Amino acid sequence: ERPSERADAPVALEFDGVTKRYGGTTAVDDLSLSVREGEFFTLVGPSGCGKTTTLRLIAGFERPTDGTLRFGGDDVTGVPPEDRDVGVVFQNYALFPHMTVGENVAYGLNFADPPNGLSSAERVRELLELVDLEGFEDREPENLSGGQKQRIAIARALAPGPEVLLLDEPMSALDAQLRERLRLQVKAIQRELGITTVYVTHDQEEALAISDRLAVMRAGAPEQVAPPRKIYRRPESRFVAEFVGDNNVFSGTVTAVEDSSGGPLATVDVGPECFTVAVDDADASVGEVVSFCVRPENLSVDERRRDDHGHLETNATTATVVGAEFLGEQTRVHLEWGGRELLVRTTDPLSGDVVLRFDPDGTHLIPDS
Ligand code: ATP
């Protein structure tokens, strides 16, 4: 299933003007947001932006100061956690060390009958199979890897067959390799069950990799809610453009707008140069100050200098290499241009003064900047 196929799926949970304050701190600020059935929805943003509080509001561990929270259209604002149909997985496994893996998973049933008329043992077996740990019933949690522990925590959260799965930074205690593996496993489990999932992370790469849609949060509210590709390619604010992946953001004044076969193009005086950028669905009028971004992969650098007349072509300028990080397949090169730092990715090493170029097609005018 692709997210677009889910665009008209029923709403599974909905925040309607929800605010959560702790004394003078507003952790969640007038949040309105819907998550659709079967969707993998991620809350991502810097530390303190309100991700965990939002998740705790869904779980019912916190009550909103204001606003309404609905599950499938029903108001659950005052419903206690045990009466909400959610499973929760935290960062630190929270498995019971004195219980076996099987007992830990069965504990998730919380004395309720397992779904589909299964016995408790059958349900545990089914869940361990789901998380790819069949036969682990009698193992002790302490002898397992971090990734395995976290899959057991997921099995436990899923034991009673909840409608919604909540995951709060479940991978942050793992090393990078384990994290990538678990990411794929979590995604596969979610797909197999088709369970509505809300995932919290501060890691933008993880958010892009795992989600159907994500909300980039800032100061208790989402700046943009969209599928990963749209967030990456069409950020609606400077904050989103800079938070999600490497990016080069320029600001300047529009000096001309003209039509071209590929859509309207704006000339933006960034000083010391003018650049031509695609307007897309943003608005740009002459005299307006705008920002636009160019991803490093859309900036090219080379030693080529000037055309026969000694001029640089459109959207070309000279910059100076100030640093480089070798990343394996590519090198991330830091350039200095007009007192600003820019990022590009190259396969060849570079040094000194270089020519920097980009296509208007590879630019994006940020509507809200
Ligand atoms: P992190 O990634 O660091 O966990 P977060 O985005 O999950 O951050 P929250 O934990 O939701 O952010 O916190 C949002 C704001 O609310 C922060 O300023 C935090 O200090 C504050 N806050 C959260 N919980 C409480 C609490 N129980 N009492 C007082 N303030 C709180």
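This report describes the predicted model of a single chain with a bound ligand, from its overall make-up to its local backbone features.

**Overall make-up**

The chain has 369 residues, of which 38% are buried. Its secondary structure consists of 8 helices and 20 strands. Along the principal axes, the C-alpha trace spans about 80 × 45 × 40 Å. Among contacts with a separation of 6 or more, 65% are between residues that lie 24 or more positions apart.

**The mixed sheet**

An open sheet is built from 6 strands in the order β6-β7-β8-β3-β9-β10, and its pairing is mixed. The edges are taken by β6 (86-89) and β10 (221-226); each has a single partner strand, so one side of each is left without a neighbour in the sheet. On average, neighbouring strands of this sheet are turned by 20° against each other, direction ignored.

Within this sheet, β3 (residues 40-44) and β9 (residues 213-218) pair in the parallel sense over 4 bridges. Phe41 is the residue that stands opposite Arg213 of β9.

**The antiparallel sheet**

Another open sheet has 5 strands in the order β15-β19-β16-β17-β18, with antiparallel pairing. At its edges stand β15 and β18 (340-346), each with a single partner strand, so one side of each has no neighbour in the sheet. Neighbouring strands here are turned by 45° against each other on average, again with direction ignored.

Strand β16 (residues 316-326) takes part in two of the pairings described here. With β19 (residues 353-358), β16 runs antiparallel and is joined by 5 bridges. Thr317 has Leu356 in β19 as its bridge partner. With β17 (residues 331-337), β16 also runs antiparallel, joined by 6 bridges. Two bridge partners can be named in β17: Leu335 for Val321, and Glu336 for Thr320.

The hairpin of β16 and β17 has 4 residues between the strands, and Gly328 in this hairpin takes a positive phi near 105°.

**Surroundings of the ligand**

Which residues surround the ligand? The shell is made of Tyr22, Thr25, Ala27, Gly45, Ser47, Gly48, Cys49, Gly50, Lys51, Thr52, Thr53 and His202. By type, the shell divides into 3 nonpolar, 8 polar and 1 charged. Two elements, β2 (25-36) and α1 (51-59), each supply at least two residues of this shell. Helix α1 gives the most, with 3 residues.

**The nonpolar core**

The largest nonpolar core holds 89 residues, and the members that touch the most others are Val105, Ala155, Leu166, Val198, Val216 and Leu365. Helix α4 (residues 146-158) gives the most to this core, with 6 residues.

Val105 can serve as an example. Apart from its neighbours within four places in sequence, Val105 is in contact with Val124, Leu127, Leu128, Ile152, Ala155, Arg156 and Ala159.

**Local backbone features**

Most residues other than glycine have a negative phi, and most peptide bonds are trans. The places listed below concern these two backbone properties.

| Place | Feature | Value |
|---|---|---|
| Ala219 | positive phi | about 50° |
| Asn315 | positive phi | about 55° |
| Gly271 and Pro272 | cis peptide bond | omega about 15° |

Neither Ala219 nor Asn315 is a glycine. Where is Ala219 found? Ala219 lies in the loop between β9 and β10. It counts as partly exposed because it has 15 C-beta neighbours inside 10 Å. Asn315 is in the loop between β15 (299-302) and β16. With 19 other C-beta atoms within 10 Å, Asn315 is partly exposed as well; a residue is classed as buried if it has 20 or more.

The cis peptide bond joins Gly271 and Pro272. Pro272 lies in the loop between β12 (265-269) and β13 (274-278).

Key
Residues numbered from 1 in each chain as written. Predicted model: local features only at pLDDT ≥ 70, side-chain atom pairs only at ≥ 80, totals over all residues. Near = placed C-beta within 6 Å. Nonpolar A, V, L, I, M, F, W, Y, C, P; charged D, E, K, R; others polar. Pairing = 2+ DSSP bridges. Axes fitted to C-alpha atoms, helices over the stretch in contact; angles between N-to-C directions. Core = buried A, V, L, I, M, F, W, Y, C linked by C-beta atoms within 7 Å. Buried ≥ 20, exposed ≤ 12 C-beta atoms within 10 Å, placed from the backbone. Contact = placed C-beta atoms within 7 Å.
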